[in-house]
Amino acid sequence: MLRKELVAAAAEPLILSLLARGESYGYAIIQDVKARSGGKMNWTDGMLYPVLHRMERRGLIKARWGESETGRKRKYYSLKKEGKAAMEKHHEHWTLVHDVLSGLRKEHYV
Amino acid sequence: MFDLEKTITEWRRQMLAAGIRPPALVEELEGHLREEIEQLIKTGMDASLAFEIATGHIGQPRLLKHEFKKIERNSMKRVIIIALGVFASLTGPALILPALAKHKNMGIWSYDIAWLIILGAIIALAGMGMVILGFKKQKA
């Protein structure tokens with residue numbers, strides 16, 4: 001299981017990257033992250049919503065009310081142009097962290 | 001006998017009572033809760049246990065409220081910074097312009113005139129800085 005600080009730091013880039021594939025909603029976002037991480041990344045479900053709302057206020061994503069397959073009201077989120085730019089920045093930063101860590105790890109085994 | 005609808009209504013009431021606002025947010029959380037309950041019931045779990053697990057995943061209303069309050073506080077701070085910045089940006093010229101008019105009338109530079117112009121310029125620049133900071137805060 002990943003440390004909660006790391007999960008929290010990864011929330012925004014993960015949400016942006018998932019929304020880059022198309023609009024989605026809270027429950028689906030959580031299930032997607034759980035599945036992709038093999039269950040190792042677990043948010044407290046309710047805590048996703050403050051993150052989504054903060055990102056919406058910052059103009060990175062937009063929301064609309066729609067309907068689920070069963071006719072229930074559901075709030076869908078999608079990426080805005082500003083969100084795409086923020087996602088690119090996140091990818092750049094996380095790739096840098098990954099590269100530095102990989103480099104150090106290789107040195108360790110040389 | 002466990003009544004799922006009644007229990008969800010009570011849960012919604014508790015969320016509102018805990019100060020989770022606006023009601024549309026509670027509605028969004030309720031949608032999430034219902035989806036999770038439905039999925040758990042599909043696996044063969046009984047409704048009562050499914051409700052317990054799903055509400056556990058959503059989290060305590062107190063903690064949720066705390067997280068949403070943080071967003072409101074940050075927005076309020078930004079609005080205050082921008083409003084103060086705009087006020088200062090207008091106050092600066094309000095000092096500079098009369099000082100320049102006084103200089104034009106008197107035809108000389110006095111210590112008072114120079115002081116008012118410098119002070120006005122500092123206030124106006126600080127105001128503009130605050131406005132920029134306020135908008136940057138939104139992006140951060």
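## Exercises on a predicted two-chain model

In this predicted model, 16 residues of chain A are in contact with 19 residues of chain B. Let's work through it together.

**Exercise 1. Find which elements of chain A supply at least two residues each of the side that touches chain B, and sort that side by class.**

*Solution.*
- Step 1: Go through the elements of chain A. Three of them, α2 (26-36), α3 (45-57) and β2 (73-79), each give at least two residues to the side that touches chain B.
- Step 2: Look for the main supplier. With eight residues, α3(A) has the largest share of this side.
- Step 3: Sort by class. The side of chain A that touches chain B holds eight charged residues, four polar ones and four nonpolar ones.

**Exercise 2. Work out how the buried residues of α2(A) are arranged around the helix axis, and what covers them.**

*Solution.*
- Step 1: List the buried residues, counting a residue as buried if 20 or more other C-beta atoms lie within 10 Å of its own. In α2(A) these are G26(A), Y27(A), I29(A), I30(A) and V33(A).
- Step 2: Look down the axis of α2(A). The buried residues fall within an arc of 165 degrees, so they line one face of the helix.
- Step 3: Recall a general point about helices. An α-helix has 3.6 residues a turn, so residues three or four places apart point the same way.
- Step 4: Turn to the other side of α2(A), where A35(A) and R36(A) are exposed.
- Step 5: Find the cover. The buried residues of α2(A) are covered by elements including α1 (4-19) and α3 of chain A, along with α2 (23-42) of chain B.

**Exercise 3. Describe the phi of G38(A), then the peptide bond from R21(B) to P22(B).**

*Solution.*
- Step 1: Start from the general rule. Most residues other than glycine have a negative phi, and most peptide bonds are trans.
- Step 2: Move past the end of α2(A). G38(A) follows this helix and has a positive phi, near 65 degrees.
- Step 3: Switch to chain B. The bond from R21(B) to P22(B) is cis, and its omega is near -5 degrees.
- Step 4: Place the proline. P22(B) sits in the loop that joins α1 (4-17) and α2 of chain B.

**Exercise 4. Sketch chain A as a whole, from its order of elements to its span.**

*Solution.*
- Step 1: Count the elements: chain A has four helices and two strands.
- Step 2: Put them in sequence order, which gives α-α-α-β-β-α.
- Step 3: Add the dimensions. The C-alpha trace of chain A spans about 60 × 30 × 20 Å along its principal axes.
- Step 4: Add burial: 25% of the 110 residues of chain A count as buried.

Terms used:
Residues numbered from 1 in each chain as written. Chains lettered and ligands numbered in written order. Predicted model: local features only at pLDDT ≥ 70, side-chain atom pairs only at ≥ 80, totals over all residues. Contact = placed C-beta atoms within 7 Å. Nonpolar A, V, L, I, M, F, W, Y, C, P; charged D, E, K, R; others polar. Buried ≥ 20, exposed ≤ 12 C-beta atoms within 10 Å, placed from the backbone. Arc of directions from axis to C-beta.
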